[in-house]
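Here are some exercises to work through with the model open beside you. Try each task before reading its solution.

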Amino acid sequence: MRSGEVHELTRDDARRIAVHAQLLSAERPTDLLGLVRHLTILQDDPTKAVAPSADLVAWSRLGGGYDPRELEQALAVGTLVELHSMIRPAEDIALFRAEMAAWPGPGPLTEWQVDMRDWVAANDHCRRDILDRLYDEGPLPASAFPDTTAVPWESSGWNNDRNIRMLLDRMVQRGEIAMAGREGRERLWDLAERVYPDVEPVPLEEALRIRAERRLRSLGLARARSSKVPGEPADVGEVGEPAVVEGVRGKWRVDLAYLDAPPLDLATGGRVALLSPLDRLAYDRKRVAELFCFDYQLEMYKPAAKRRWGYWALPVLAGDRLVGKLDATAERDAGVLRVDAVHEDEPWPRDVRVAVEAEISALSEWLGFEEVVRPD
């Protein structure tokens, strides 16, 4: 097919492309920095029901040889940095500098952007106090800054009375401060110039295109346009090649690098993987329902009685299909991985069941536990 023509894909094609792009085939990547450069992000979520999401994503690709201290060290020395709750290669900050400089946005501003700009301006004294404290003492947690805002942040309720947190978020967007580590679950902040590398900004339009190209390379197949989602965008604009997926409505874009990727049968190029609930393969719930026919929700915010799969249930990948969920908890005090349920969306063949059990054992071993327990 000539470049520019619409690629007609089956759902099988789409799944194969997506799994290869996310580096979840039997051929594993070999190093953490190379992995993050390809995936572009690891979501920085500290929930440790099993392990922090960033570590689970790395383990599911790199295998048992991955040591979470590698991630800690990369963040400490600055080869990886955190921006907008995403861990990224430090050099990628060049792709965000122009956007930071244009805050709250280039061109005509929306009403929301005007409100943000005016709110930060109204609290300029507090903002300068934070910068002065960080210059003298940083890094510091949010709790170290007294709330001297002149105008409180107003919202529908979720962020009311969180003035400092909201101001810190705006200062990150402006490129003034950056996350510099953690004390327990609390983030530490410092001046951005002490955290980010000194890189030349990429012009905004070019930076947005490069980010979309890299996002598509990591996803393999993505919507040209989609609803805005929290965190990293799910769509890619006009980069890549146009595609349609049989039985799925809408316009897609595909990365040509994966069109001829091999099949993912468990006996050949595929494998079983236990995924973080925040894994990019499964994070876009609409995409995963359309391409994988996989029903999934993160249920940690639901009352226990209303959960179908568990507090932090891990999606189970077998080859190019998402086939179930693992309800497991790392009981660190007892030194065991507790498995409350293994949910099969459809009855699994024996080879999948055996491979899933092997992966559960591998997860337990990676966590440093000697035993997998299954309560009666």
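**Exercise 1: a small sheet**

Two bridges join strand S5 to strand S7 (residues 186–191), and these strands run antiparallel. Before going on, note that this is a predicted model, in which local features need pLDDT of at least 70, side-chain atom pairs count only at pLDDT 80 or more, and totals for chains, interfaces and linings use all residues. Residues are numbered from 1 along each chain as its sequence is written, and side-chain values use heavy atoms, with hydrogens and water left out.

Task: find the strand order of the open sheet that holds S5, and name its edge strands.

Solution. Start with the terms: strands (E, at least two residues) and helices (H or I, at least four) are DSSP runs, numbered from the N terminus, and two strands pair if DSSP finds at least two bridges between them. The sheet has three strands in the order S5-S7-S6, with antiparallel pairing. Next, look for strands that pair on one side only: these edge strands are S5 (140–141) and S6 (177–183). Helix H7 (residues 124–137) packs on the sheet and touches S5, S6 and S7; the direction of H7 makes about 90 degrees with that of S7. To place one residue in the pairing, find leucine 140, which stands opposite tryptophan 189 in S7.

**Exercise 2: two partners of helix H1**

Task: describe how H1 packs on H10 and on H12.

Solution. Two packed helices are described by the angle between their axes and the distance between the axes. Axes are lines fitted to C-alpha atoms, for helices over the stretch in contact, and angles run from 0 to 180 degrees between N-to-C directions.

Step one: the axes of H1 (residues 11–21) and H10 (residues 204–219) come within 6 Å and cross at roughly 110 degrees. That makes H1 roughly perpendicular to H10 (angles under 35 degrees count as roughly parallel, over 145 as roughly antiparallel, 65 to 115 as roughly perpendicular and the rest as oblique).

Step two: Ile17, Ala18 and Ala21 of H1 meet Arg217, Ser218 and Leu219 of H10, where contact means heavy atoms within 4.5 Å. By class, this contact has four nonpolar residues, one polar and one charged (Ala, Val, Leu, Ile, Met, Phe, Trp, Tyr, Cys and Pro count as nonpolar, Asp, Glu, Lys and Arg as charged, and the others, Gly among them, as polar).

Step three: H1 packs with H12 (residues 285–292) at an angle of about 130 degrees, with the axes 9 Å apart. That makes H1 oblique to H12. Here Arg11, Ala14, Arg15, Ala18 and Val19 of H1 meet Arg287, Glu290, Leu291 and Phe292 of H12. The contact of H1 with H12 has five nonpolar, no polar and four charged residues.

**Exercise 3: burial**

Task: decide whether glutamine 43 is buried or exposed, then do the count for helix H3.

Solution. Glutamine 43 lies in strand S2 (residues 42–43). At 17% relative accessibility, glutamine 43 counts as buried (buried means under 20% relative accessible area, exposed over 50%, partly exposed in between, with a 1.4 Å probe and protein chains only). Leaving aside neighbours within four places in sequence, glutamine 43 is in contact with Ser53, Ala54, Ser85, Met86, Leu278 and Tyr283.

Now H3 (residues 53–62): 10 of its 10 residues are buried, so H3 is largely enclosed by the rest of the structure. Among the buried residues of H3 are Asp55, Trp59 and Arg61. After H3 comes glycine 63, whose phi is positive, near 90 degrees.
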